[in-house]
Amino acid sequence: MERIPKIVFLSPIYKEKIWGGRKLESKMGRSIPEGLIGESWEVSVYGSDVSKIQNPEFSNLPLTELIKKAPNEILGKPFSNSGLPLLVKVIDAKEKLSVQVHPNDDYALKYDPQSNGKKECWYVLSADPGAELVVGFDIHTNRNEYEALVKENLGESVLKKWKVKPGDVFLLNPGTIHAIGGGVLLLEVQQSSDSTYRVYDYGRIGDDGKPRELHLEKAFSVLNFAKSIGDEKLKKELITYHPFPRYLFTSNDKFRLESWEFNQAQNFTFTPLSDPACFGIFFTVSGSIYFPELNRTVGTGETFFVTASGFSETIHATVTPGTKLAFMSSGTDTVKYQ
């Protein structure tokens, strides 16, 4: 078998959405399909949406096939039998998304066994003036009260709206009502799942000319109706200054999200961050990173996947001043972080 790559580059999977836009082109310089592109699935093994590899030695091979060849080397020993647990997307909302909620693992196992529960995190990349996210309820309510509001087309009236700016990060636990507002471009890391229950969609018409389906029974069964206390918005905590500032947003049972921030041009080496070593997914929020061994530069808005063996071996890299990397990896239910 060919040598397992230290770094895997993947082709995005683009999704046209009625609420999508063209910021992946205008803000990130990508060549994207025509139409309203709402999502770019950056790293995925979910269902039939499996990322294809760009590396020349494995060109166009599905990521799942590379994982099958060497699960320990690609993902790390804890994932030998379970596969990649995460799905990473970039979402461009020209118009606001539906109000929705996701189940936890137990509920999904019982009522949506083809998928998993869905915990996710949003990292705002750009936001038009006045742009908002909906996260949580703004009042204490209950199923009967909120169901009545939804039926009266007042489903938005009791939701907590957050004005957002680039760099804002929100954690959405299962059961949290949420919606992405128009004018927001964001990075999303989530469990590898598509269990989404639509609560409210403003009466919009779908591609088939009919109002889009709601999933009220499931949604009301999993919703947390308590008033938000505001802890969905995360603060970054400094982990270390050396060899560069690393900040932690969340390290929960399902995933980890950090920000690596470089104030100056710098050479550095990737080292294992967990025991045992596992994969890491990186998104270049700003600046660029150069890998001399590959003679490849990864620019703003690009994603790369560092394998478990890549962390255990030596990867040299050079960054430009002002580079910021979002680092995403497994949750604490699987590995221990250093």
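What volume does the largest cavity have? I looked this up first in my notebook, and the largest cavity comes to about 30 Å³. A cavity here is a set of points on a 1 Å grid over the protein atoms alone where a 1.4 Å probe fits but cannot get out, and lining residues have an atom within 4 Å of a point. The volume is the space filled by probe spheres set on the points, which are joined across faces, edges and corners.

I noted that this is a predicted model, where local features need pLDDT of at least 70, side-chain atom pairs count only at pLDDT 80 or more, and totals for chains, interfaces and linings use all residues. Residues are numbered from 1 along each chain as its sequence is written, and side-chain values use heavy atoms, with hydrogens and water left out.

Next I checked the lining of the largest cavity, and found P272, F279, F311 and Y337 among its residues.

Then I turned to aromatic rings, and found 27 aromatic pairs (ring centres of Phe, Tyr or Trp, the last by its six-membered ring, within 6.5 Å; planes under 30 degrees apart are stacked, over 60 edge-to-face, the rest tilted). One of them joins Y146 and F220 edge-to-face, at 6.3 Å centre to centre and 85° between the planes. Y146 sits in helix α5 and F220 in helix α6, so this pair ties together parts 74 residues apart in sequence. I count helices as DSSP runs of H or I with at least four residues, numbered from the N terminus.

Are these two rings buried or exposed? Y146 is buried at 0% relative accessibility, and F220 is buried at 4% (buried is under 20%, exposed over 50%, partly exposed in between, with a 1.4 Å probe and protein chains only).

Terms used. 1 Å grid on protein atoms, 1.4 Å probe; cavity = no way out; pocket = protein on both sides within 12 Å on 5 of 7 lines; lining within 4 Å. Helix = DSSP H or I, 4+ residues; strand = E, 2+ residues; numbered from the N terminus.
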